[in-house]
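Q: Please take me through a close look at one part of this structure, and connect it to what lies around it. I would like one long answer that I can follow with the model open on my screen.

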Amino acid sequence: MKKYLGPLSKDNPILVQTLGVCSALAVTAQLKPAVVMALSVTVVCAFSNLIISLIRNTIPPRIRIIVQLLIVSFWVVLVDLLLQAYFYEISKLLSVFVGLIITNCIIMGRLEAFALSHKPWPSFMDGVMNGVGYGLVLVVVAFFRELLGSGTLWNHQVIPKALYQIGYLNNGLMILPPMALILVGVMIWIRGSRVDR
Amino acid sequence: MPDIFNIFIRSVFIDNMVFAYFLGMCSYLAVSKSVKTAGGLGLAVCFVLAVTVPVNYLIDKYLLQPGALAWLGEGFADVDLSFLSLIIFIAVIAGMVQLLEMVIERHMPALYMALGIFLPLIAVNCAILGGSLFMQERNFPTVIHSFSYAIGSGLGWLLAITSMAAIRERLKYANIPEPLRGNGIAYIITGLMGLGFMAFLGF
């Protein structure tokens, strides 16, 4: 089990390998879309890893990128249609970023680096753990952005009304895109200073 | 005409690919170590966007949108193929990049040398697919609008990555806390640049 835990902190895809940053930051203004996004990426990553690993010996190396892209986009379309059918509101909120999972570098990176050379079950677990490592960062960033930016968590008011009456204000900056980048920068900073010690 | 110009300016400064939508962040962070390579990658992105977005626009308008197949005859008027758009877009992008690479290598060897390794990498740059998906979401009226959007976004990306590379070249001489060096400070600088770009919104 231990060998699968790397992506959670030591090899975290976002904080350490800088993969998959594109979609990670755009969906973190609130907790709910961030969790849905993390789940979608985990599903896509795990199952495309599984399929690529199953057919790894039959893919001609020359066209493997296109084969990988097609398999990933198959899963992404599936996830996209499911979201539109059952969570329409959230899928509107995520807009193009569900589609952009196709070009999420975590998935391509894992397919290239792991699934092409490992057996199906380890590949599946590797996909799941990388998705979870990605999700952890998303959830932490979204937690702070939603709490400080709108005073809510999962759309429920968390900061008491009384606080607003004595002059507390939501930090509007937190909802704006640049703040996501700065938060991730700070997370890398904290992580770096703890690991080095 | 002013419409087209507006779309152009808006996509360079206000809806900047990097600062407003975080598209193409992976290569943006990885390749922004020197101005020269950053400029090369920026140009390649610009170029590929300018080709793929209009092509995808035409495909979307005449093949995929609900009712887009009406030109084939009455029976096709209510066909909706939009669920295919993701797969088709990524296939067009991968194919186009391959094609462009061959054409440039054959006819413009100087440009080919300048773009080098970046051209094939661009197929998996999310700024490219993002460009096509935003184009689809915004429903531009003509192909010229989508072309101006593509050029604008490409230039915006080029602007972002070259200025970032310039800052990082200077950063070598700065005394940054050890754990923050490298990517940490790069994120924070991008955030601050994004704040600067928000001034174009004009509150």
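A: Let's start at A:Ser73, which touches A:Ile102, B:Ile87 and B:Ile90 once residues up to four places away in sequence are left aside. Please keep in mind that this is a predicted model.

A:Ser73 sits in helix 3 of chain A. Its relative accessibility is 0%, so A:Ser73 counts as buried, the cut-off being under 20%. And what does the side chain of A:Ser73 reach? It comes to the backbone oxygen of A:Leu70, at 3.1 Å.

Two of the residues named at the start, B:Ile87 and B:Ile90, belong to chain B, so let's widen the view to the two chains together. Chain A and chain B bury about 3,200 Å² between them, and carbon and sulfur atoms account for 84% of that area. Between the two chains, the count of salt bridges is zero. Residue pairs in polar contact, with both partners at pLDDT 80 or more, also come to zero between chain A and chain B. On the side of chain A that touches chain B, the elements giving two or more residues are helix 1 (21-26), helix 3 (64-86), helix 5 (96-99), helix 6 (105-113) and helix 9 (177-196) of chain A. Helix 9 of chain A supplies the largest share of that side, with 13 residues. Taken as a whole, the contact draws 39 residues from chain A and 35 residues from chain B.

For another buried spot in chain A, turn to A:Ala38, in helix 2 (residues 31-54) of chain A. Its relative accessibility is 8%, so A:Ala38 counts as buried. Leaving out residues up to four places away in sequence, A:Ala38 touches A:Tyr134, A:Gly135 and A:Leu138. The C-alpha atoms of A:Ala38 and A:Val139 are separated by 8.2 Å, although these residues are 101 residues apart along the chain.

Over in chain B, have a look at helix 1 (residues 2-14), whose 13 residues reach 17 Å from first C-alpha to last, close to the 18 Å expected at 1.5 Å a residue. B:Ile4, B:Ile7, B:Ser11 and B:Val12 are buried in this helix. These four cover an arc of only 120° around the axis, which means that they lie on the same side of helix 1 of chain B. B:Pro2 and B:Phe5, on the other side of that helix, are exposed. The cover over the buried residues of helix 1 includes helix 9 (143-171) and helix 10 (183-197) of chain B.

How values were computed. Residues numbered from 1 in each chain as written. Chains lettered and ligands numbered in written order. Predicted model: local features only at pLDDT ≥ 70, side-chain atom pairs only at ≥ 80, totals over all residues. Heavy atoms only, no water. Expected span 1.5 Å × (residues − 1). Buried < 20%, exposed > 50% of the residue type's maximum accessible area, 1.4 Å probe, protein only. Arc of directions from axis to C-beta. Contact = heavy atoms within 4.5 Å. Buried area = accessible area lost by both parts, 1.4 Å probe. Salt bridge = Lys/Arg side-chain N within 4 Å of Asp/Glu carboxyl O. Polar contact = N/O pair within 3.5 Å; in protein donor to acceptor, adjacent residues only side chain to side chain.
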